[in-house]
Amino acid sequence: MRINKFFPQYLFNANEITGDKLRRLLKVAPKAEASLAVRALRKFNMPGSLFLEMYPLEDNAVGEKLTAAKIVDEKGLADLRSEPGDAGLNFIQSLLDTEMYTPAQVLELLKKFDDGPCPICVVMENAFNGKFAQEWDSFCEYVKSFLDSLNRFTGEIAIVSDAKGVDPVHAMGVMPQEFNGVSQRIGGDQSLVTGIAAVDEDWCGLASCYSGETIPLLNDMAVDSVSELLNVINGIYAVETARKHLEMDLDAPRSAQMPAFPQPEKLVVKVSAACGEFYLILAKEEFLPPTTIF
């Protein structure tokens, strides 16, 4: 069974959710709360037919069915009730709450999701296009960690997509001046430079989600918030990597307008969330100029 948090990405890759449907779900999903039936479905190896019986019921009745079917004992049921619903579970619940899919259709989609390849890896494979062969594994792991931390610290469920054809980000290898960027070098046993780029409106949307304050215009607070967010995300990644016995250290984040001239080779993926759209950049060399935004 795959990790629930990547289920929205699977639906996007499969063209199940695009356009207005995607934007709507990205807004409502963080506010949904996974029911006991949805939690049990994804935690236990239970028949889909039992889920279809349980889904319309209140949580107390679902609990009775789970214990009667010996899916879980009383202690396990108490533990299940106390577990917070993660982003993927809440997204599944939002599909049902909005009636975009029937419970039977959700079961079918979840089976395809579980049986298929990692949805993030699918996007990254298309984005790599033969570049960064040695960095494939580490870049993929970084993007997974980035999305997980983004949800953790902003509450946003995000979808990544290949930036090919996004003019001029990929096709020309440059960013226009109106894009603001923040970068941070991760050094040590595994060296890479990561960054976030966005136009003013989306930059402020991301800054507002992270800071908890409404930031309508690009200012010092907006720049500092996105810089701090990237630093926190990379700090979590460094801790995760240390568990694999790889030591990493972080330079201070740098912020600047993206230069409109050729830059070192980099991987760019588009990130879509309710707060807006921005670009995640991965490279082996620094891609920001020495000048700051302000």
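## Exercises on helices and rings

Let's start in helix H1 (residues 7-13), where Phe7 and Tyr10 sit three residues apart, about one turn of the helix. Helices here are DSSP runs of H or I with at least four residues, strands are E runs of at least two, and both are numbered from the N terminus. Keep in mind that this is a predicted model: local features need pLDDT of at least 70, side-chain atom pairs count only at pLDDT 80 or more, and totals for chains, interfaces and linings use all residues. Residues are numbered from 1 along each chain as its sequence is written, and side-chain values use heavy atoms, with hydrogens and water left out.

**Exercise 1.** Work out what kind of aromatic pair Phe7 and Tyr10 form, and whether each residue is buried or exposed.

*Step 1.* Grab the rule: rings of Phe, Tyr and Trp (its six-membered ring) pair if their centres lie within 6.5 Å; planes under 30 degrees apart are stacked, over 60 edge-to-face, and the rest tilted.

*Step 2.* The Phe7 and Tyr10 rings are 6.2 Å apart centre to centre, with 15 degrees between the planes, and the pair is stacked.

*Step 3.* For burial, under 20% relative accessible area is buried, over 50% is exposed, and in between is partly exposed (1.4 Å probe, protein chains only). Phe7 has 0%, so it counts as buried. Tyr10 has 16%, so it is buried too.

**Exercise 2.** Do the same for Tyr142 and Tyr237, and say where each one lies.

*Step 1.* Their centres are 5.0 Å apart and the planes make 80 degrees, an edge-to-face pair.

*Step 2.* Tyr142 belongs to helix H10 (residues 136-154) and Tyr237 to helix H12 (residues 220-242); with their positions 95 residues apart, the pair links distant parts of the chain.

*Step 3.* Tyr142 has a relative accessible area of 0%, so it is buried. Tyr237 comes in at 4% and therefore counts as buried.

*Step 4.* To round off the rings: the structure holds eleven aromatic pairs, and ring pairs link Phe128, Phe132, Trp136 and Phe139 into a cluster.

**Exercise 3.** Describe how helix H3 (residues 36-43) meets helix H6 (residues 74-82).

*Step 1.* Axes are lines fitted to C-alpha atoms, for helices over the stretch in contact, and angles run from 0 to 180 degrees between N-to-C directions. The H3 and H6 axes come within 10 Å and cross at roughly 110 degrees.

*Step 2.* Under 35 degrees is roughly parallel, over 145 roughly antiparallel, 65 to 115 roughly perpendicular, and the rest oblique. So H3 and H6 are roughly perpendicular to each other.

*Step 3.* Who touches whom? H3 brings Leu36, Arg39, Ala40 and Lys43, while H6 brings Leu77, Leu80 and Arg81. Contact means heavy atoms within 4.5 Å.

**Exercise 4.** List the buried residues of helix H9 (residues 119-128) and find what they pack against.

*Step 1.* The buried ones are Pro119, Ile120, Val123, Met124, Ala127 and Phe128.

*Step 2.* They pack against H1, helix H8 (103-115), H10, strand S1 (159-162), strand S6 (266-273) and strand S7 (276-283).

*Step 3.* Just after H9 comes Asn129, which has a positive phi, near 50 degrees.

**Exercise 5.** Is Ser208 in helix H11 (residues 200-211) buried or exposed, and which residues does Ser208 contact?

*Step 1.* The relative accessible area of Ser208 is 18%, so it is buried.

*Step 2.* Leaving aside neighbours within four places in sequence, Ser208 is in contact with Glu213, Thr214 and Ile215.
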